[in-house]
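Hi everyone, thanks for coming. I'd like to walk you through one model today, so please have the viewer open.

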Amino acid sequence: MTSPLAQGSTIGILGGGQLGRMLSMAAARLGLKTHIYEQSAQCPAADVAHRVTSAAYDDEAALRAFGRDVDVITYEFENIPTYALDILQDLAPIRPARNALAVSQDRLTEKQFLTDLGLRCAPYHAVGTFDDLLQAIDKVGLPAILKTTRMGYDGKGQMRIANIQDAQEAYDAMQGSMAVFEGFIDFSHEVSVIAARGADGAISAYDPGENLHKNGILHQTTVPARLSANQRTDAVLLAAKILNALEYVGVMGVELFVTPAGFIVNEIAPRVHNSGHWTQNGCATDQFEQHIRAVAGWPLGDGQRYADVVMENLIGNDMDKVPQLTSQPNTALHLYGKPEARAGRKMGHVNVMTTPKA
Ligand code: AMP
């Protein structure tokens, strides 16, 4: 067990998007500082962090200076280049540890890990060549989805295959990247469990949220999710199993498909997760503070849900709704300070407490 970080200590965060911004705000509330490492010159986290390094992930000098300045390193995205991690790991502890990144950076490794744990994933087949794809269609069947094994997010890097005629187009869309062919799951709805594991091994999971996607991007999360008491327990135990297996320290998002035959794990994200933003207004300790507590070696906080919440993302020109939202009751607005409301860009979110409880 590591001793908890003292007041005024600095948490290094790789990535300065909205997740880095909200992690920095949570750290500040606990008297901790953050130092953001971000490639682009401007980023949402820069407005609220103690320090910012703007440099590429192959800039050895910048990585070393960053690593020496911080007491612990965490991240807000999973696709961190190995080169950067190799340098940083000797300078400060990385939490969650690299095994979690190795598993979640590659869809094939992730599915193998989950299957070895006894959890269920969509039937899948690795695809490197067009011949592999034809074999996958033969083995797994159609309809299906072809996804790049690495770097996919928000529905990017994936193509649906409804019939054999779609196969060539889907294969070409992968542009030679290694891909995974997944059988299409006929789920009733999608839920996610946001769970944390502390440095002492304690686990705290939030009530599962029900997620609705639009154009491959999360649109809305509702808590409570439509789940029976048994399903709720199963979902939380499943997430805890993953955290324990990885000896994980931090917050993780586990996305699940709900089917009559039980849960199927879609994917895991070794970081705070968009579907956990409701916790900011539904719990005493939100996912951002929980993550900061975990990586700082503090005890986990109280993650019990005290309100029903609907979280909705504000994407692109959803920003036009902001003037009306500012005066809507039971509504908490969270904006990321991004200058341009481009289509598909996450600009903020809103948490509406649908049945606020005392
Ligand atoms: P992903 O990027 O893997 O999280 O996928 C984005 C969304 O696509 C998911 O949240 C689902 O709505 C849908 N999806 C992904 N994989 C499958 C699958 N095997 N079967 C059915 N829907 C899927």
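Let me begin with a definition: helices and strands here are DSSP runs, numbered from the N terminus, with at least four residues for a helix (H or I) and at least two for a strand (E). With that in hand, N215 can be placed in the loop between β11 and β12 (217-223). Please keep in mind throughout that this is a predicted model.

Let's stay with N215 for a moment. Its phi is positive, about 50°, although N215 is not a glycine. Is N215 buried or exposed? It is exposed, because its relative accessible area is 77% and the cut-off for exposed is over 50%.

There is another asparagine to look at, N330, in the loop between α11 (322-325) and β16 (331-335). N330 also is not a glycine and has a positive phi, of about 55°. Its relative accessibility is 43%, so N330 counts as partly exposed.

Now for N211, which sits in strand β11 (residues 209-214). Its relative accessibility is 7%, and therefore N211 counts as buried; the limit for that label is under 20%. What does the side chain of N211 contact? Its partner is the side chain of S192, in a polar contact of 3.0 Å.

Let's zoom out to the domains. The protein is divided into domain 1 (10-94), domain 2 (123-183) and domain 3 (189-356). Between the C-alpha centres of domain 1 and domain 2 there are 34 Å.

On to the ligand, which I suspect you have been waiting for. There are 16 residues around it, and those that come nearest are K147, Q158, E182, I185 and E190. By type, the shell divides into 6 charged, 6 nonpolar and 4 polar residues. Domain 2 (123-183) and domain 3 (189-356) each supply at least three residues of that shell.

For the polar pairs, start with E182: an N or O atom in its side chain is 2.9 Å from a nitrogen atom of the ligand. A polar backbone atom of G183 lies 3.0 Å from a ligand nitrogen. R107 brings a polar side-chain atom to 3.2 Å from an oxygen atom of the ligand. How much of the ligand does the protein bury? Taken alone, the ligand exposes 480 Å², and 94% of that is buried by the protein. Two or more shell residues come from each of β6 (144-148), β8 (179-183), β13 (250-259) and β14 (262-269).

R107 takes us to helix α5 (residues 107-116), whose buried residues are R107, L108, E110, K111, F113 and L114. At the N-terminal end of α5, D106 acts as a cap, with a side-chain oxygen 2.9 Å from the backbone nitrogen of L108. After α5 comes G118, with a positive phi near 90°.

Next, the packing. In the largest nonpolar core there are 44 residues, and L14, I242, V254, L256 and I268 have the most contacts inside it. Which helix gives the most to this core? That is α8 (residues 229-245), with 5 residues. Domain 1 (10-94) and domain 3 (189-356) each contribute at least three residues to the core.

Finally, two backbone details to check before you set anything up. The peptide bond from R95 to P96 is cis, with omega near -5°, and P96 is in the loop between α3 (82-88) and α4 (98-104). L142 and P143 are also joined by a cis peptide bond, with omega about 0°; P143 is found in the loop between α6 (130-140) and β6.

Thanks for listening!

Technical notes: Residues are numbered from 1 along each chain as its sequence is written. This is a predicted model: local features need pLDDT of at least 70, side-chain atom pairs count only at pLDDT 80 or more; totals for chains, interfaces and linings use all residues. Side-chain values use heavy atoms; hydrogens and water are left out. A residue is near a molecule or strand if one of its heavy atoms lies within 4 Å of it. A polar contact is a pair of N or O atoms within 3.5 Å; within protein, one must be able to donate a hydrogen and the other to accept it, and residues adjacent in sequence count only if both atoms are side-chain atoms. Accessible areas come from the Shrake-Rupley method with a 1.4 Å probe; for residues, only the protein chains shown count as cover. Ala, Val, Leu, Ile, Met, Phe, Trp, Tyr, Cys and Pro count as nonpolar, Asp, Glu, Lys and Arg as charged, and the others, Gly among them, as polar. Domain bounds come from an automatic or database domain assignment. Buried means under 20% relative accessible area, exposed over 50%, partly exposed in between (1.4 Å probe, protein chains only). A nonpolar core is a set of buried Ala, Val, Leu, Ile, Met, Phe, Trp, Tyr and Cys residues joined through side-chain atoms within 4.5 Å.
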